[in-house]
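Reader: I'm new to reading protein structures and would love a close look at one part. Could you walk me through the salt bridges, please?

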Amino acid sequence: MIDLNEQDLNNLKHMLGATKHTSKKDWGYRNRFMAGGKDLESMERLQKKGLVRRINANTSIFPDPAYVATEEGCKHLGFNKKQIANAMDF
């Protein structure tokens with residue numbers, strides 16, 4: 001298990017819709033994170049650990065860097081196969 005600080009873990013959960021406000025069966029309904037400020041540092045740490053990857057979504061509407069979770073990021077949160085499949089279908 002990869003050790004994450006609270007901010008990184010919370011950002012990974014948020015990215016994947018794996019929060020206390022979402023039913024566990026729906027985890028993975030989303031897989032994206034527009035990072036700015038300190039969240040950018042968090043995403044870079046998660047990327048170095050192989051849990052997220054940066055994607056080219058830089059547009060005038062969303063100028064901040066975008067990231068998506070990897071399968072390893074999903075597994076880190078305990079996703080099942082269906083949740084992983086949902087998250088990877090972006």
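**A close look at the salt bridges**

Author: Let's begin with one residue, E71, which is partly exposed because its relative accessibility is 39%; here buried means under 20% relative accessible area, exposed means over 50%, and partly exposed is in between (1.4 Å probe, protein chains only). Before going on, please keep in mind that this is a predicted model, where local features need pLDDT of at least 70 and side-chain atom pairs count only at pLDDT 80 or more, while totals for chains, interfaces and linings use all residues. Residues are numbered from 1 along each chain as its sequence is written, and side-chain values use heavy atoms, with hydrogens and water left out.

E71 forms a salt bridge with K75, their closest N and O atoms being 3.3 Å apart. The term means a side-chain nitrogen of Lys or Arg within 4 Å of a carboxyl oxygen of Asp or Glu. Both E71 and K75 sit in helix α3 (residues 71-76), four residues apart, or about one turn of the helix. Helices (H or I, at least four residues) are DSSP runs, numbered from the N terminus.

K75 has another partner: its side chain meets that of E72 in a salt bridge of 3.9 Å, N to O. These two also lie in helix α3, three residues apart, again about one turn. K75 is partly exposed, at 42%, and E72 is partly exposed too, at 46%. Together, E71, E72 and K75 are linked in a network of salt bridges.

Elsewhere, K25 pairs with D26, with 3.3 Å between the closest N and O atoms. K25 counts as exposed because its relative accessibility is 62%, whereas D26, at 34%, is partly exposed. By this rule, the count comes to four salt bridges.
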